[in-house]
Structures are given as C-alpha cells and as structure tokens.
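Me: I should like to learn how the arrangement of chains and strands in a model is read. Please take the features one at a time.

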2 protein chains.
Amino acid sequence: MARPSLEFWYEFASTYSYLSAMRIEALAEAAGVEIRWRPFLLGPIFAAQGWTTSPFNLYPAKGRYMWRDMQREAARLGLPCRQPDPFPQNGLLAARVALLGADHPWGPTFTKAVYRAEFGEGRPISDPATIRTVLADLGLDAEAILLRAGEEANKAALKARTEEAMARGIFGAPTFIAPDGEMFWGNDRLERALEWAARPEQGVPDAATA
Amino acid sequence: MARPSLEFWYEFASTYSYLSAMRIEALAEAAGVEIRWRPFLLGPIFAAQGWTTSPFNLYPAKGRYMWRDMQREAARLGLPCRQPDPFPQNGLLAARVALLGADHPWGPTFTKAVYRAEFGEGRPISDPATIRTVLADLGLDAEAILLRAGEEANKAALKARTEEAMARGIFGAPTFIAPDGEMFWGNDRLERALEWAARPEQGVPDAATA
C-alpha cells in the first residue's frame with residue numbers, strides 16, 4: 001500500500017491557513033501521512049459567488065470575532081499574530097512562487113516564511129519586495145525564482161489549480177482532501193483529516209442518516 | 001466568588017447548535033460551569049446582512065460540505081443525524097417555548113428534545129403539531145405552555161433577546177459568552193469557552209499582537 005497522503009489546499013490571504021501551515025508538518029509526521037502542498041486562489045471562487053472581498057470584511061461582526069479568535073488560537077499554539085494592513089493581502093505572487101516550489105523542499109519552507117511575514121509580523125506580502133526578501137532570507141535565488149514564477153506556464157498552472165479547487169467543491173481555506181476524496185474544511189479539522197488519511201477504511205457509520 | 005457561568009446562545013435552525021445542545025451539560029458539569037440557555041433567532045441577524053435564507057443554502061458547496069461534516073461529527077459523538085425537509089426549519093415557535101422554559105429545568109430538556117426531533121429524526125419543527133407532541137412526550141402541559149409562549153410579553157421577550165444578540169456582536173450559532181464578555185463561536189469552540197469561563201483570569205497573552 002502507498003504511504004497515506006493528504007492534500008493541503010491553502011490561500012495566502014487566509015488567516016486560518018496560516019495556523020495550519022505552521023503545524024501541519026509535525027502532525028503529519030506523527031500520523032505517518034505525507035502532505036501534498038496545494039496553493040490556490042480563493043479570490044475567483046469568492047467572486048463567483050458574488051463576494052468582492054474577504055467575508056471577514058463583508059460581515060464586520062464576523063471579522064471582529066475572527067481576529068479575536070486568531071489571537072487566542074495563535075497564542076495557544078505559541079505563534080505570533082498580527083493583522084496586515086490592508087487585509088486581505090493579495091497573495092497572487094506568493095501563490096505563484098509556492099506553486100513552483102510545491103514539489104520541492106523549499107516550497108513548504110517558503111510558504112511558512114510568507115505566512116509568518118504576513119500574519120506573524122504584519123508585513124505586506126502583496127508587495128513583490130516582501131516576497132523577494134523572504135526568498136533571499138531563505139538563501140534562495142530570488143531573481144531566478146521570481147522570473148520562473150512569472151512565466152506563462154506557471155501562471156496557467158495556478159489558474160488550472162484554482163479551477164480544480166472550484167470543480168472539487170472547495171469553498172474556503174484551509175481545505176484538506178484525503179485520497180478517497182473526503183474533504184475537511186478549516187484549521188479545526190486538521191487533526192481529523194490526518195486521522196482519516198491515515199485510516200481511510202474506517203469511514204463513517206451512516207446507518208442513522210437519511 | 002460566584003460559580004462560573006457561560007451563556008449558550010442557540011437557534012433551532014442551526015445544525016451545529018444541535019451538537020452543542022446535546023453535549024454541553026456533561027461538559028459544563030465536568031468543568032464546574034453553570035449554563036445559561038439563551039434561545040434566539042438568527043433570521044433577523046441574517047436578514048440585516050442581506051441573507052434571505054441559510055448561508056448553507058445560499059452557498060451550495062458550503063452547504064454540501066456542512067451536511068457531510070455534520071454526519072461525521074454526529075457519528076463521532078454517537079448522535080443520529082438526519083436533514084429535515086425543508087431546511088432550514090422555522091424555529092420561531094420552538095424558540096418562544098424554549099425562552100419560556102429557559103430558567104426552569106424543563107427548558108433545556110425541551111430544547112434537546114426539539115433538536116433530536118429536528119436533526120436526529122428529520123421531523124418538521126416548523127409545524128406546531130411537532131412542538132405539541134414534543135412537549136406532551138416530555139409529560140408537560142402542552143396546551144398551557146403553548147398558550148403562554150404565544151402571549152405578547154413572551155413574544156416581545158424573544159424579540160428583545162434577538163436584538164440583544166445582534167447588539168452584542170453575535171453573527172451565528174451556537175455562540176458562547178463568558179461573564180467577562182469573551183465570545184466563542186461554533187460547536188468546535190465549546191470546550192475552550194468552558195475552559196475560559198472556568199478560569200477567566202487566565203486571559204490570552206497578547207504581547208505578540210499589534
């Protein structure tokens with residue numbers, strides 16, 4: 001049997017994706033599950049349902065709560081939490097770079113560094129200068145990577161990835177998908193998603209359902 | 001010092017409120033926290049932000065996911081799960097009755113029985129006949145309770161309760177509020193809300209935040 005795996009779909013503007021990105025590797029290691037990093041864009045999915053910005057801005061009471069909840073959850077996990085201004089940041093360039101690195105060891109490292117800059121330090125990841133600095137600080141060849149990230153093939157690949165997300169019913173981030181297609185949404189479901197991926201044969205008793 | 005308490009705000013159309021209602025008493029007992037049952041209506045709050053029905057209907061991908069997640073979570077908790085038709089059910093009458101009983105032992109009992117009928121058995125709680133049957137099955141005087149539930153004073157009290165919810169920033173259900181005003185949203189936060197209510201002096205380290 002192949003080693004269990006789990007797809008981790010994330011968007012750089014998503015606050016709760018930050019929490020998942022920072023803790024998924026240790027949990028996956030403990031569960032014996034391999035993570036497939038899947039950067040994508042929520043913007044086109046939100047736009048398709050008529051949203052022009054983050055739901056946390058569209059619904060202010062929910063937004064105020066979310067930032068308080070983030071503060072509590074980050075503290076619980078020992079992570080810094082700072083709101084970037086403006087929120088949400090445009091994560092397009094970061095996602096292109098992350099997609100380029102998704103199957104290399106530097107991809108997840110870059111992803112975590114971007115999230116830490118954005119939600120740990122409140123830095124503007126929409127700004128290419130921030131992305132360049134993040135890459136350079138990791139000892140990577142920033143210019144070469146940014147050049148390749150901006151090539152048509154990579155841009156098209158991110159577009160296709162985002163279309164795949166919509167086609168598979170993804171409506172928010174983070175989202176976790178097991179090899180059998182089982183989907184879990186939200187940082188609060190990370191543990192259950194890993195458990196499912198590690199033991200897909202368990203399933204869910206559904207005798208009680210309609 | 002007064003015994004720790006926690007407000008439990010719930011709406012009868014809310015699926016995740018069902019899960020919280022069924023497990024809150026045992027968890028609160030273990031935590032040494034007294035629960036204040038707070039039935040209210042989400043409809044006016046949703047309407048104020050332009051929603052005409054449940055967000056799970058407005059956003060079908062999210063709705064499909066929610067029912068699958070409910071099936072998994074209910075199974076994990078050993079609870080039956082069945083979708084009432086139509087969804088959402090109108091919980092106005094049930095909320096009026098629950099409000100009447102909120103400070104009596106029969107109120108929580110009635111609340112749990114309504115949720116079980118609605119999301120455990122898929123019965124139409126919008127139908128006054130269902131509410132009457134639920135009351136009678138609990139050995140309560142259904143006619144007398146329904147009469148009092150429909151009196152102007154009780155109707156006004158539910159309206160005021162709902163306005164209070166909106167004024168306090170409640171945007172969904174279930175919502176838990178500690179005596180110091182700390183708010184927690186969602187069945188996934190029930191444990192943390194109880195922990196907070198039991199030890200409010202703990203607070204959240206926020207040195208890392210903006």
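**Chain symmetry and sheet**

Reply: Chain A is superposed on chain B by a rotation of 180 degrees with 0.0 Å of shift along its axis (RMSD 0.0 Å); such fits are by least squares on the C-alpha atoms of residues with pLDDT of at least 70 in both copies. The two copies are thus related as by a two-fold rotation axis. In chain A, the C-alpha nearest the axis belongs to A:Asp188, 3.6 Å from it. The model is predicted: local features need pLDDT of at least 70 and side-chain atom pairs pLDDT 80 or more, whereas totals for chains, interfaces and linings use all residues. Residues are numbered from 1 along each chain as written, chains are lettered from A and ligands numbered from 1 in the order written, and side-chain values use heavy atoms, without hydrogens and water.

Me: Through which surface do the copies meet?

Reply: They meet through the same surface, because 100% of the interface residues of chain A are also interface residues in chain B.

Me: How is a sheet read?

Reply: Strands of a sheet pair through backbone hydrogen bonds, either parallel or antiparallel. Here, four strands of chain B form an open sheet of mixed pairing, in the order E2-E1-E3-E4. Strands are DSSP runs (E, at least two residues; helices H or I, at least four) numbered from the N terminus, and two strands pair if DSSP finds at least two bridges between them. Strands E2 (34–39) and E4 (183–185) of chain B stand at the edges, each with a single partner strand, so one side of each lacks a neighbour in the sheet.

Me: How many bridges join E1 to E3 in chain B?

Reply: Three bridges join E1 (residues 5–10) to E3 (residues 175–177) of chain B, and these strands run antiparallel. B:Glu7 stands opposite B:Ile177 in E3(B).

Notes
Contact = heavy atoms within 4.5 Å.
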